[in-house]
Amino acid sequence: MSKHTTLDQLKMLAQRTKTEIDKVDTKVDKLSERVDDIATVGGEPNVITEIKNNGTALAVANKGVDIGPAIAEAVAASEHLTKKKVTALADIDPAAEGADKFIYLVPKDNSDENDVYDEYMVLDGKVEHVGSTKMDLEGYVQKEDGAGLYPDADKEKLAGIAMAEDAEISAMLDEVFGTAQTNPETPEVTEP
């Protein structure tokens, strides 16, 4: 059974809506007056008065602050590592002033064009190789012509796996989720 709205009910809804809108308008007007009062007393809307970078005040101009120069200055003042090419490992002196500020590039023997240098750093007064190029090939099985990459027993297990049929999948889904409706019910429609 459907219900209808009368014209009088719609008028009541419109009157109630207008009353609620009037209440909201009154609150907005009061809020606007309060904001104006705050600005008059000395508040400045949307004005930044001070920004500091690690305790140092930055210049504020036109409601903004350019932090780029402060960042550039901080980066320039920090310690950096620098690359330094040497001809041999023996050329690295771990006792030299600032020796720990470099990544030393030592030419490799028999290197390819994409990996020409070994990298070294001075750490705790000693020359240390950065990274490792060694590989542990223990347990590595090389491919043999005519042989697969996994054992025959595994091949037999995989060969014994059968694919499920669509009917089996449908039966399993019906068991888990309940029988699916193939023809959905049409909703009942009532006329006014």
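Visitor: How many salt bridges does the count come to here?
Guide: Six salt bridges, by the rule applied to this model. Keep in mind that the model is a predicted one.

Visitor: Okay, which residue does K23 meet in a salt bridge?
Guide: K23 pairs with E20, with an N to O distance of 3.5 Å between the side chains. That falls within the 4 Å limit for a salt bridge.

Visitor: How are those two placed in helix α1?
Guide: K23 and E20 are three residues apart in helix α1, which means they are separated by about one helical turn.

Visitor: And K23, how accessible is it?
Guide: K23 has 47% relative accessibility, so it counts as partly exposed. Its partner E20 is also in the partly exposed class, with a relative accessible area of 40%.

Visitor: What can make side chains of opposite charge pair in general?
Guide: They can pair when their charged atoms come close.

Visitor: Let's move on. What does D100 form a salt bridge with?
Guide: With K101, and the closest N and O atoms of that pair are 3.7 Å apart. D100 is partly exposed because its relative accessible area is 43%. K101 is partly exposed as well, at 30% relative accessibility.

Visitor: What about D118, which side chain does it meet?
Guide: The D118 side chain meets that of K108 in a salt bridge, 3.8 Å from N to O. This pair links distant parts of the chain, ten residues apart: D118 is in strand β5 (residues 117-123), while K108 is in the loop between β4 (102-107) and β5.

Visitor: Are D118 and K108 buried or exposed?
Guide: Both D118 and K108 are buried.

Visitor: Which residues are joined into one network by salt bridges that share partners?
Guide: E79, D100 and K101 are joined that way.

Visitor: Back to K101 for a second. Where is its place in the chain?
Guide: K101 is in the loop between β3 and β4. Its C-alpha atom is separated by 8.0 Å from that of V122, and the two residues are 21 apart along the chain.

Visitor: Now the rings. How many aromatic pairs does the structure hold?
Guide: One aromatic pair. F102 and Y104 form it, and the arrangement is tilted, at 5.7 Å centre to centre and 50 degrees between the planes.

Visitor: Why does F102 count as partly exposed?
Guide: Because F102 has 21% relative accessibility, and the buried class means under 20%. Y104 has a relative accessible area of 4%, so Y104 is buried.

Visitor: What separates the C-alpha atoms of D91 and Y104?
Guide: They are 9.5 Å apart in space, with their positions 13 residues apart along the chain. D91 is found in the loop between β3 (82-85) and β4, and at 45% relative accessibility D91 counts as partly exposed.

Visitor: Switching to backbone. Which residue has a positive phi although it is not a glycine?
Guide: D124, with a phi of about 50 degrees. Most residues other than glycine have a negative phi. D124 is found in the loop between β5 and β6 (126-129).

Visitor: Is D124 buried or exposed?
Guide: D124 is exposed, because its relative accessible area is 81%.

Visitor: What about the surface, which residues form the negative patch?
Guide: D25, D29, E33, D36 and D37 form the negative surface patch. One of them, E33, has its place in helix α1 (residues 7-41).

Visitor: And which residues make the nonpolar patch?
Guide: I169, M172, L173, V176 and F177 make the nonpolar surface patch, which covers about 510 Å². L173 lies in helix α4 (residues 166-177). At 38% relative accessibility, L173 counts as partly exposed.

Visitor: Zooming out, how many helices and strands are there in the protein?
Guide: There are four helices and six strands. Starting at the N terminus, the elements run α-β-β-α-β-β-β-β-α-α.

Visitor: Last one: what percentage of the residues count as buried?
Guide: 7% of the 192 residues of the protein count as buried.

Key:
Residues are numbered from 1 along each chain as its sequence is written. This is a predicted model: local features need pLDDT of at least 70, side-chain atom pairs count only at pLDDT 80 or more; totals for chains, interfaces and linings use all residues. Side-chain values use heavy atoms; hydrogens and water are left out. Patches are made of residues with over 30% relative accessible area and no salt bridge: like charges are joined within 9 Å, nonpolar side chains (Val, Leu, Ile, Met, Phe, Trp, Tyr) within 5 Å. Accessible areas come from the Shrake-Rupley method with a 1.4 Å probe; for residues, only the protein chains shown count as cover. Lys and Arg count as positive and Asp and Glu as negative; His and the chain ends are not counted. The place of a charge is taken as NZ of Lys, CZ of Arg, CG of Asp or CD of Glu. Buried means under 20% relative accessible area, exposed over 50%, partly exposed in between (1.4 Å probe, protein chains only). Rings of Phe, Tyr and Trp (its six-membered ring) pair if their centres lie within 6.5 Å; planes under 30 degrees apart count as stacked, over 60 as edge-to-face and the rest as tilted.
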